[in-house]
Amino acid sequence: MRAGPSQEEIRRHNLGALLRHVHLGGPTSRAELTSRMGLNRSTIMALTADLTAAGLVREELPRETGRAGRPSLVVRPESARVYVFAFDVGVDRLVAARVGLGGAILDRRETVRRRGPFSLEEIVGPLAGFARQMRRKTRSDTVCVGAAAAFSGGVDRGDGVVRFGPNMGPAKDVPFAEEMTRRLAFGMPVKVGNDANLGALAEHSRGVGTGCRDLIYMHGDVGVGGGIIVNGQLLGGHGGFGGEIGHMVVNPKGRLCGCGSLGCLEAEVGERTLLEAAGRMPGVPRGAVVPQPGAGQGTGMSASSGTGRGPGASQGAERIAVAPGDANEEPETPQVTGAVAVEVKTGGHGESLIGRDAVRAVVDAADRGDVVAQAALSRVGDWLGLGVANLVNIFNPEMVIFGGMLREVYLGSAAQVRSRLAVDALAASREGLRLRTAALGDDATLMGAAELAFAQVLADPLEVLARAGS
């Protein structure tokens, strides 16, 4: 029989729990912490004293309370002193940020990257350079307690190897975590997670899904990914590849997906499908037909239609940037090898847009009465609604959150999504269901990476801080 936890184990657990409350909930009074944690006042006072001595939190008098009696001290995270590095590797952008305890973004850098096949240097070089830039600007008394990245692809949770990335070229078995750890050389491993999974964690912990025990986060970034929270925990699957909802087949005779299958959800609702139907992709006429659920074989957007290029491909003039220098002598603004500024002439509209800006442009056009844009959103929204209905029937979530590019798609097609849910989702499963857009916006995946980086210090604050400061 295993012995019960020791007093030291209980103390470490309580320190982590208190720090998590302040990290996620912001400044909190001792009285509130006493109530939330179910501990007595003297224990809360001892825990906050330990965390204050370690430089993780500070205590201060509250602002005017309007109440009689001695006010309870407020515990605040030391956001400016304790931080992590968070990275977001998207299909067409790279983001690096220094995020303070409590979730405040203290500094950030961002650059574009070309779509398609990539080398590790094209991604690791700029991100490592960005991190060094930001670290050089920190005060001498600050401490980095972790680093993590969100990657648009399938990530092995054991070793941080990117196993596949159908929208990023033949990305297969790429040792991204290992290489980022080596190039940063900060004395700590870089953790890596799937971007949609981390987006789900972020929205669940500090976004629109706070307080929900069961939710599904749907993320669009050219393709579609998902993060599924069940009973408060991320559903990762056996190898950590769970949540690939974009590869749920909804139309067996539909469009060719980047994974090689026909009619995956991401093939029917992804960026390229919407832009083609709205006449905003080169070589595709305005008003091309996207088959609706139940319409049988595609009539105009089948696997053989389109330009013959895979999902995520781009056309137009390229401007190739200069590669970054040596890892230890990076330029002030690191650039991506093969980075491009893609110019897309969209059916006579004159925009030079691709990615989320292009999707937003379609939604804006529909709002202004563009009938072709409205029809494209209606049809894509119908397929999106079918995918959501399937997920609702399987997982019975309390909330479905649309993030990334899907945030804009949902805002432009909410009526179609809800109509499809009313037809295809079980009445009992959709009862009480809430459909929401990501509160963290385009930073949901970046903030998810930050939460992954903070995980260890929140589990054992004093031990991690001691290692980071050694």
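User: Is Cys-264 buried or exposed?
Analyst: Buried. This is a predicted model, and in it Cys-264 has 1% relative accessibility, so it falls under the 20% cut-off.

User: And what about Cys-259, buried or exposed?
Analyst: In between: Cys-259 comes out at 39% relative accessibility, so it counts as partly exposed.

User: How far is the sulfur of Cys-264 from the closest cysteine sulfur?
Analyst: The distance is 3.7 Å, and the partner is Cys-259. A disulfide needs the sulfurs within 2.5 Å, so that gap is too far for a bond.

User: Which cysteine sulfur is nearest to Cys-259, then?
Analyst: That of Cys-257, 3.7 Å away, and Cys-259 is in no disulfide.

User: How many disulfides are there in the whole structure?
Analyst: Zero.

User: OK, new topic. What order do the strands of the five-stranded sheet have?
Analyst: The order is E6-E5-E4-E7-E10, in an open sheet with mixed pairing.

User: Which strands stand at the edges?
Analyst: E6 (104-112) and E10 (191-194). Each has a single partner strand, so one side of each has no neighbour in the sheet. From one strand to the next, the twist averages 20°.

User: How do E5 and E6 run, parallel or antiparallel?
Analyst: Antiparallel, with eight bridges joining E5 (residues 93-100) to E6. One of the pairs is Gly-100 with Ala-104 in E6.

User: Which helix lies across E5?
Analyst: H4, residues 120-136, at about 30° to E5. Helix H4 also lies across E4, E6 and E7.

User: What does H6 touch?
Analyst: H6 (residues 195-206) packs on the sheet and touches E7 and E10, with its direction at about 95° to that of E10.

Terms used
Residues numbered from 1 in each chain as written. Predicted model: local features only at pLDDT ≥ 70, side-chain atom pairs only at ≥ 80, totals over all residues. Heavy atoms only, no water. Pairing = 2+ DSSP bridges. Helix = DSSP H or I, 4+ residues; strand = E, 2+ residues; numbered from the N terminus. Axes fitted to C-alpha atoms, helices over the stretch in contact; angles between N-to-C directions. Contact = heavy atoms within 4.5 Å. Buried < 20%, exposed > 50% of the residue type's maximum accessible area, 1.4 Å probe, protein only.
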